[in-house]
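Please open the structure in a viewer and keep the sequence panel visible beside it. The tour below proceeds by selections, each followed by a description of what is found there.

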Amino acid sequence: MTQSVSPTAPAARHRSAPQVWVYGPALVILGVLGLALVALGAVQSGAVPVTWPQIWAALTGEGSQHAERVILDLRLPRTLVGALIGIHFALSGWLLQLLSRNPLAEPGILGISAGASLVAVTVFIIGDWLVASDNPYLTSTVALEYLPAFAMLGGLVTATLVYLLGLRQGTLSPVKMTLTGAVVAGMLHAVTTGALAFWGHAHTELVAQWLAGSLYGTHWSHLQTLLPWTLAGLVGVALLLRPLMVMQLDDQQARSLGLRLNRWRGLALLTATLLAASAVGIVGPVGFIGLLIPHISRRLAGTSLALQLALCILLGAILAIAADTVGRTLFAPYEVPVGVISAILGVPFFLYLLSRQP
C-alpha cells in the first residue's frame, strides 16, 4: 500500500473542475503560442545572427547556402530535438510523481538518468573498442540507433531497485525513496566517472560533454532516432491516463474498483523509464525538467490529469528549448549545456520542496 496523499491534492484547492473547463483550452492555446515563439527565437538566436526574412527564405528553399546550413542543418534539428527531450523528461517526472505519490520524484533524482548514463557510457567504450573512429557517438550505427534501448535497460533496472528500496513495511515512503534514489544516483555517477578514467581515451571530453546534458551537435539523425520513442511513450501515457485517475485513490479503494494496481504501476514505471532513458541516450542526462514542469502543470491544471498531460508536453518543450537557447547565446560562441541551465533553475526548487517534506 502507498500513502493516500496525492501530489495532485494541493492543486485541487486552487482550481476546481468547472474552472478547468473554462481556463483549460485557453491555457493550451497560450502554451502552443509560447512554444511557437520560443522555437522561432531558438532558430533565430545564436553566434551567427539571422533575420526573419532569411529564416523564411531558408524554410521555403529560397535562401542562401550559408543561411540554409545554419537554419536547416544546425538550428532547426537542434530545436526539434530539444522540444522532444523536454517532453520526455517532463512526462517521465509527471508519471513518477503520480506513481509514487512523491512530489520530489524525478528521473535524475531517482537515479534513472544515472543508470541510463552508465549503460550508455559502457556502450561508448565497447563501441570504441570494436570500431575505431574519430567520434564513436556519431559514426557508430549501434551507438546512435540502439543507444536509447541500452539506456532504457539501465534506467529500468535502477528505477526498479530504487522503488523496491523505497518500500517500508510494504508502504512506499516518498522521502525514503528520494534519499535512496540520491544515494544510488551518486554511486552510479561515481562508477561512470571511474569507467571514463579507465577508458583514458582521447574522446573522453566528448562523452563528458554528453554527460552534462548537451544538445551540441544534434542533427536530423538524432531526431529520427528519438521520434519513435516519443511516439511510443505518448501511446503509453495515453493508455495510462484512465488508470492513473483511479490510482490517485487509496489502494484499497482502487482495488475495489477492479484496478490491478501492480500491473498498472509496472506499466507506469516502464513508460516513465522509456521516456527518460531514451532521451538520456540521445542528449545525456538533463535534470530537473521532470521536477519543475509537473509542479507547474498541476498548479495550473488542478486535478485534471488530461490538462496536466497537455501542459507537461507544452511546458516541457518550452523549458528545454529556452534553456538550450540561453546556454548557447549567453556566452557565445561558447556554450553552456542545457543540463547545467536546467540544474541552476531546478536545484533551488528541489531544496524548497524538500524543506516542506515531513
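**Helix α4 and its partners**

The helices α4 and α15 are oblique to each other, an orientation that follows because their packing angle is about 135 degrees and falls in none of the ranges for roughly parallel (under 35), roughly perpendicular (65 to 115) or roughly antiparallel (over 145). The model on display is a predicted one. To see this pair, select residues 65-100 for α4 and residues 305-329 for α15. The two axes lie 7 Å apart, and the crossing of α4 with α15 is right-handed.

Keep α4 selected and add residues 220-247, which form helix α11. The axes of α4 and α11 come within 10 Å and cross at roughly 25 degrees. Angles under 35 degrees count as roughly parallel, and α4 and α11 are therefore described as roughly parallel to each other. Their crossing is left-handed. In the contact of α4 with α11, the residues comprise 23 nonpolar, three polar and one charged.

**The second largest pocket**

Next, select Leu74, Arg75, Arg78, Tyr216 and Glu335. Of the 14 residues lining the second largest pocket, these are the closest to its centre. The volume of this pocket is about 370 Å³. Which helix gives the most to its lining? It is again α4, which supplies four residues. By type, the lining of this pocket consists of seven nonpolar, three polar and four charged residues.

**The loop after α4**

Now move to Gly111, which is placed in the loop between α4 and α5 (112-130). Is Gly111 buried or exposed? Its relative accessibility is 0%; the limit for a buried residue is under 20%, so Gly111 counts as buried. Add Val183 to the selection and display the C-alpha atoms of both residues. Gly111 and Val183 are 72 residues apart in sequence, while their C-alpha atoms are 8.2 Å apart in space.

**The loop between α13 and α14**

For the last stop, select Phe288. This residue is found in the loop that joins α13 (261-283) and α14 (289-301). The phi angle of Phe288 is near 75 degrees, which is a positive value in a residue other than glycine. Phe288 has a relative accessible area of 16%, and because buried means under 20%, Phe288 is classed as buried.

Terms used: Residues are numbered from 1 along each chain as its sequence is written. This is a predicted model: local features need pLDDT of at least 70, side-chain atom pairs count only at pLDDT 80 or more; totals for chains, interfaces and linings use all residues. Side-chain values use heavy atoms; hydrogens and water are left out. On a 1 Å grid over the protein atoms alone, a cavity is a set of points where a 1.4 Å probe fits but cannot get out, and a pocket is an open set with protein on both sides within 12 Å along at least five of seven lines; lining residues have an atom within 4 Å of a point. Grid points are joined across faces, edges and corners, and a volume is the space filled by probe spheres set on the points. Helices (H or I, at least four residues) and strands (E, at least two) are DSSP runs, numbered from the N terminus. Ala, Val, Leu, Ile, Met, Phe, Trp, Tyr, Cys and Pro count as nonpolar, Asp, Glu, Lys and Arg as charged, and the others, Gly among them, as polar. Axes are lines fitted to C-alpha atoms, for helices over the stretch in contact, and angles run from 0 to 180 degrees between N-to-C directions. A crossing is left-handed if the near helix is turned anticlockwise from the far one by less than a right angle, and right-handed if clockwise. Buried means under 20% relative accessible area, exposed over 50%, partly exposed in between (1.4 Å probe, protein chains only).
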